[in-house]
Amino acid sequence: MKLLNRKRTKKRSPKVANRLGMLGGGMVLFLVVMAIGAPWFAPYDPTERVGLPFQPPSAAHLLGTNDVGQDLLSELIYGARVSLTVGIVAALVALVLGTSVGVLAGYYPKRLGRFLMQGVDVILILPFLPLLIILAAYLGRSLLNTIVVIGVLIWAGPSRIIRSQVLSLRSREYVLASRTMGAPDRWAIMRHVLPRTALLATGTFVRAVSTAILLEAALSFLGLGDPLQKSWGSILFWAQSRGAFLTPAWKWWVLPPGIMIMVASLGFALVAFAMEERINPRL
Amino acid sequence: MRFDTPGREIRAVNGIDVNVGAGEVFALVGESGSGKSVSMLSVMGLVPTPPAVVTGSILFDGLELVGLGRSKMNAIRGGEIGMVFQDPMSSLNPVHRIGRQIAEVLHLHQKISRRDAMDQAGELLDKVGIPNAGGRLKDYPHEFSGGMRQRVMIAIALACGPRLLIADEPTTALDVTVQRQIVTLVQQLQADLGMAVIWITHDLGVVAEIADRVAVMYGGRIVETGNAADLYRTATHPYTSGLLHSIPRTDTIRTEWLPEIPGTPVQLVDDLLSCPFHSRCPMGDDSCVASLPTLEASGREGQFSACVHHASILDGGDLWPSLDREVTAAVEHGDELLVSIEGLKVHFPVERGGRARRKAVVLAVDGVDLELRRGRTLGIVGESGCGKSTLGRALVGLVEATDGRVLIKGEPLDTSSGPHRRTVQMIFQDPFSSMNPGMRVGDVVAEPMRVHNIGSADERSERVAKLLGQVGIPAEAATRHPHEFSGGQRQRIAIARALAANPEVIVCDEPVSALDVSVQAQIVNLLHETQLETGVSLIFIAHDLAVVRHISHEVAVMYLGQVVERAPRDDIYETPLHPYTKALLAAVPVPDPSSSIALAPPLEGDLPDPSDPPTGCRFHTRCPVAVIGLCDEIIPELRVVDTDRWVACHLVEASTDQSFLAGEGDIRGDLGLLAEQGG
């Protein structure tokens with residue numbers, strides 16, 4: 001009798017997801033380093049006029065200059081700060097809101113849950129971009145407002161995901177067990193439900209960062225971002241208003257910020273994808 | 001047949017040899033993970049290769065099945081070999097009518113017209129005992145009860161007149177009364193059709209009733225095989241004998257302690273070099289470790305045992321004695337009334353789908369009165385759907401009572417959170433899902449103390465260590481996670497957790513039914529020991545009448561949300577009064593082939609819809625002795641018929657037959673007699 005031994009065969013999809021996740025992680029890391037090290041990497045102060053306006057790329061200005069003679073490369077590098085800050089903080093706002101609503105709606109599915117979920121449905125149904133624009137215009141142009149507006153609009157999706165997880169958790173026997181011990185709901189939620197949703201929440205958070213970065217770029221491009229902050233979207237706004245889209249200048253004025261927005265959004269999205277594959281392999 | 005199946009890194013089956021003759025009923029017995037199902041799935045070619053590797057030879061009527069081509073295998077599957085799985089719910093396609101599902105098998109294996117196939121399907125349904133077979137062909141699986149679905153599965157398996165039927169735990173998901181029906185059906189069909197049956201199960205009771213020959217598997221190997229009668233009378237492997245001695249029974253004298261097999265079942269990762277059972281075996285010594293024992297002739301003719309000591313095993317009673325345990329410091333306790341349940345009702349509103357959305361109310365618990373005294377155990381038994389679990393949950397405040405009340409030490413039960421909830425704690429059925437997988441064992445056990453703010457952190461961890469020791473888990477386990485423990489160990493941890501807050505009552509909801517049979521006795525003994533040491537009262541909810549008998553002082557039998565009979569343990573098992581109790585007891589399979597006395601006819605039908613219970617006595621639709629005009633009109637009340645005995649049946653009093661009260665004669669015979677009278 002001969003016994004055969006086989007190495008565990010790995011499934012293919014997690015492997016692909018892992019690679020993509022590594023790629024996304026690399027992108028995110030690149031951006032984070034760029035944002036933190038902006039004063040060192042940037043050749044000039046992006047708020048200073050350091051050259052003639054409308055210069056094409058040269059040795060002194062690798063990406064040329066804008067309409068007031070500021071260095072575009074420096075603007076691009078400093079822009080990572082705004083994008084990442086808005087992306088992460090807005091996603092945090094969404095995470096806190098989404099998790100609170102999701103956990104409450106999931107743990108008390110009857111009255112409170114139905115009420116909260118109706119609110120979520122309303123937010124999901126509203127035409128998204130117009131609302132974003134109106135809110136941003138109404139509240140005024142500042143970094144804080146941008147963050148709040150984006151955060152308040154993107155929490156609804158994550159809260160649904162969290163709620164469905166909590167719905168299944170609340171009927172797990174270990175949650176029931178804590179109730180039979182005489183523990184208050186607060187205890188069950190804090191000790192059993194929240195820790196078990198943390199992983200899922202992280203995944204949805206990273207995905208929200210990606211969305212928030214895109215939305216920030218959109219708002220800034222429409223001129224609704226903070227006028228004092230240099231972000232990729234605002235570079236595009238000025239490029240658009242100065243007609244750079246129609247001149248050869250698009251190659252150094254429009255394309256680079258566009259690519260950066262894509263890299264940032266895609267990077268976080270890929271990380272989120274890989275995480276979700278791990279967290280919920282049946283997805 | 002012979003297979004070696006190292007699946008992944010686990011050696012599921014390690015070289016087993018089995019021969020099943022035509023027309024023979026062969027039972028493969030083993031615990032979960034023993035490889036019994038995998039070996040039979042490989043006969044059907046249903047083991048995915050890779051990752052599994054099947055080597056060796058499986059001969060079916062001279063035809064080699066290992067490595068057989070897909071189309072040839074398909075012809076055998078369903079054609080020559082039929083198979084019935086454990087869960088009839090998931091084995092049937094919910095979106096197809098069952099007539100079509102039966103006809104599908106016929107179409108696959110025979111050239112047959114649609115109409116003929118349907119006719120045959122109707123005949124098959126009739127053959128497996130489904131009433132109004134022709135009319136039910138157009139029904140969907142959800143319109144059948146669990147037992148009826150299993151009949152449909154059998155009909156599908158038999159559709160093409162197979163010569164071999166493989167039944168994989170076919171009755172495990174069913175209630176005892178329905179299990180009895182299915183066992184009887186398979187016996188009849190086997191006799192009529194002359195096919196061979198391989199019956200895979202962990203339940204030695206069922207095996208005793210149905211099998212001609214038995215093979216007992218442990219750790220992917222067959223440790224003993226032989227004729228059923230011989231095996232049960234003189235087991236020649238310590239494992240078989242241990243199983244036979246450790247399972248509680250309804251028909252023998254109850255001993256204070258169950259003999260128990262120590263340890264937990266093995267899962268094989270490495271090559272087997274020594275007897276897999278040696279670490280749990282009372283006879284285990286160096287010679288067991290030195291070599292891997294092979295099957296050798298032992299005991300009677302046709303009996304083989306894979307034990308080096310098989311010659312010295314004469315009577316298992318010496319091997320697995322029911323030891324009197326030393327109970328450290330039995331607690332003195334009064335017998336004050338701890339729990340009293342008065343007219344408790346728990347109703348759940350449910351919405352039914354369909355064209356007309358109608359609202360129904362499931363009467364899960366419908367007017368129950370019970371009492372529990374300190375240091376005593378109240379057993380609650382009944383079929384699934386009888387409301388026993390809901391009753392338990394109402395006691396710990398998981399569900400709100402609709403009506404009636406529960407008094408704990410004279411105080412009405414308050415389901416809000418707070419220190420008053422410490423008194424009643426609960427042990428759940430599934431030790432795998434009742435613990436937060438992210439918490440360490442120490443935190444799991446300490447949770448009730450933290451909830452109720454008992455002691456400081458140091459005192460708590462001290463008490464956790466003490467509690468773990470008390471339930472037989474090493475104290476260093478506190479820093480490990482629950483998934484590192486086996487089912488039996490986890491249930492010990494669950495017991496430690498239930499004890500942590502010093503409760504006075506513990507509700508145990510099916511605490512052993514998710515465990516391996518060789519581990520159940522350990523947990524039952526532990527609960528008993530705990531009770532003696534702490535004076536805690538237990539409410540023991542289970543469907544297994546034998547386990548309930550072993551542990552309870554008093555037993556209540558529930559049917560459709562109501563208690564139909566309540567009596568001290570010995571009374572209820574020796575002289576059951578209510579026809580339902582009698583039927584339940586008669587349906588329990590006894591692990592002894594020789595005790596198969598003329599069996600009473602199995603209880604007909606299934607549990608009625610609990611949202612629309614029958615009028616009058618709820619049992620009258622299935623009762624063999626129901627009197628029309630009385631039982632179906634007047635609701636019988638639970639009333640005292642003897643000291644400490646309550647019965648809810650008109651006929652117990654109506655009958656002047658003293659045997660009813662005195663309870664002479666065999667219960668099975670009694671029921672048969674009653675059936676005649678009633679008919």
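I began with chain A, which reads α-α-α-α-α-α-α-α-α-α-α-α along its sequence, and I noted that its secondary structure comes to twelve helices and zero strands, where helices (H or I, at least four residues) and strands (E, at least two) are DSSP runs numbered from the N terminus.

I then recorded how to read the entries: this is a predicted model in which local features need pLDDT of at least 70 and side-chain atom pairs count only at pLDDT 80 or more, while totals for chains, interfaces and linings use all residues. Residues are numbered from 1 along each chain as its sequence is written, chains are lettered from A, and side-chain values use heavy atoms, with hydrogens and water left out.

Still in chain A, I found that 46% of its 283 residues are buried (under 20% relative accessible area, with exposed over 50% and partly exposed in between, for a 1.4 Å probe and protein chains only). Of the chain A contacts (heavy atoms within 4.5 Å) with a separation of 6 or more, 71% join residues 24 or more positions apart.

Turning to chain B, I looked up Ser340(B), which lies in strand β13, residues 337-352, and which counts as buried because its relative accessibility is 8%. Leaving aside residues up to four places away in sequence, I saw that Ser340(B) touches Leu370(B), Glu371(B), Arg405(B), Val406(B) and Leu407(B).

Last, I looked up Glu123(B), which sits in helix α5 of chain B, residues 114-127, and which counts as exposed because its relative accessibility is 55%.
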